[in-house]
Amino acid sequence: MRKLIILGLIAATAMPGAVMAQSRGEVRDSARDLRQEQRELRDAERYGSRHDVREQRRDVRDARQELREDWRDYRRSHRDVYRGGNWRAPFRYNRWEAGSQLRPSYYSSRYYISDPYRYRLPRPNNPNLRWVRHYNDVLLVNVRSGRVMEVHRGFFW
């Protein structure tokens, strides 16, 4: 009887974590749903009424929210991947904004994130764009001009 109770307690504590963990396939499906909703929005803007456009915008917003939630659930369930670790730079922390100009020492190849897919960062659409780590933040930087294109604050725990 005691073994049954212990097994029940173990199952009760393990189940919520297993249910919340988002698989890579679920996140991929959410991204595919978002792209489909965006296509439908473009079609509604071309051929639909204002009511259709408003409804499709709401659907796109919902699909984006679902994708964000899936990514957050994945991040929460895979904390070891996003662990900050003992990372120090030879310069002090700056709070960069999109559009800021960086000096080359801030985005040298030493700070590139070599495998952005491991962190589920989107692939840059330009070969000159690189994901760069700056303390616990992640910056998308144009390595030719030094301009910051995108910022994710507190990316690493």
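Which side chain of opposite charge is nearest to E37, and how far away is it? The answer is R39, at 9.6 Å. This report starts from that residue and then walks through the rest of the model, which is a predicted one.

## A buried glutamate in α2

E37 sits in helix α2, which covers residues 24-47. The residue is buried, yet it has no salt bridge. Setting aside residues up to four places away in sequence, E37 touches Q56, D59, V60 and A63. Helix α3 runs over residues 50-77, and its buried residues include three of these partners, Q56, V60 and A63.

## Overall layout

Let's step back for the wider view. The protein contains three helices and three strands, and along the sequence they follow the pattern α-α-α-β-β-β. The chain has 157 residues, of which 31% count as buried. If we take the contacts between residues at least 6 apart in sequence, 52% of them join residues at least 24 apart.

## Helix α3

Helix α3 has 28 residues, and at 1.5 Å a residue it should span 40 Å. The C-alpha atoms at its ends are 41 Å apart, which agrees with that expectation. The buried residues of α3 are V53, Q56, V60, A63, D70, D73, Y74 and R75. Charged residues are worth a look in this list, with D70, D73 and R75 among them.

## Salt bridges

How many salt bridges does the structure hold? There are four, and three of them are described here. Within helix α2, R32 forms a salt bridge with D29, with the closest N and O atoms 2.7 Å apart. These two residues are three apart in the helix, so about one helical turn separates them. Both ends are partly exposed: R32 has a relative accessibility of 42%, and D29 has 33%.

A second pair in α2 joins D43 and R46, whose closest N and O atoms are 3.8 Å apart. Here too the residues are three apart in the helix, about one helical turn. D43 is partly exposed at 38% relative accessibility, while R46 counts as exposed at 56%.

The next pair links two helices. The side chains of R57 and E45 meet in a salt bridge with an N to O distance of 3.6 Å. R57 belongs to helix α3 and E45 to helix α2, so the pair ties together parts that are twelve residues apart in sequence. R57 is partly exposed, with a relative accessible area of 45%, and E45 is also partly exposed, at 43%.

## The three-stranded sheet

The strands form an open sheet in the order β1-β2-β3, with antiparallel pairing. β1 (129-134) and β3 (148-152) stand at the edges with a single partner strand each, so one side of each is left without a neighbour in the sheet. From one strand to the next, the twist averages 20 degrees.

β1 pairs with β2 (residues 137-142) over six bridges, and H134 has D137 in β2 as its bridge partner. The pairing of β2 with β3 has four bridges, and L139 finds its bridge partner, V151, in β3. The hairpin of β2 and β3 has five residues between the strands, and in it G146 takes a positive phi near 85 degrees.

## Loops and positive phi

Most residues other than glycine have a negative phi, and two residues here are worth checking against that background. R120 lies in the loop between α3 and β1 and has a positive phi of about 60 degrees, although it is not a glycine. R120 is buried, with a relative accessible area of 17%. Y135 lies in the loop between β1 and β2; its phi is also positive, at about 55 degrees, and it is not a glycine either. At 18% relative accessibility, Y135 counts as buried.

Is V81, in the loop between α3 and β1, buried or exposed? At 13% relative accessibility, V81 is buried. Leaving aside neighbours within four places in sequence, V81 is in contact with R118 and Y119. V81 and F156 are 75 residues apart in sequence, and their C-alpha atoms are 8.6 Å apart in space.

Technical notes. Residues numbered from 1 in each chain as written. Predicted model: local features only at pLDDT ≥ 70, side-chain atom pairs only at ≥ 80, totals over all residues. Heavy atoms only, no water. Buried < 20%, exposed > 50% of the residue type's maximum accessible area, 1.4 Å probe, protein only. Contact = heavy atoms within 4.5 Å. Pairing = 2+ DSSP bridges. Axes fitted to C-alpha atoms, helices over the stretch in contact; angles between N-to-C directions. Expected span 1.5 Å × (residues − 1).
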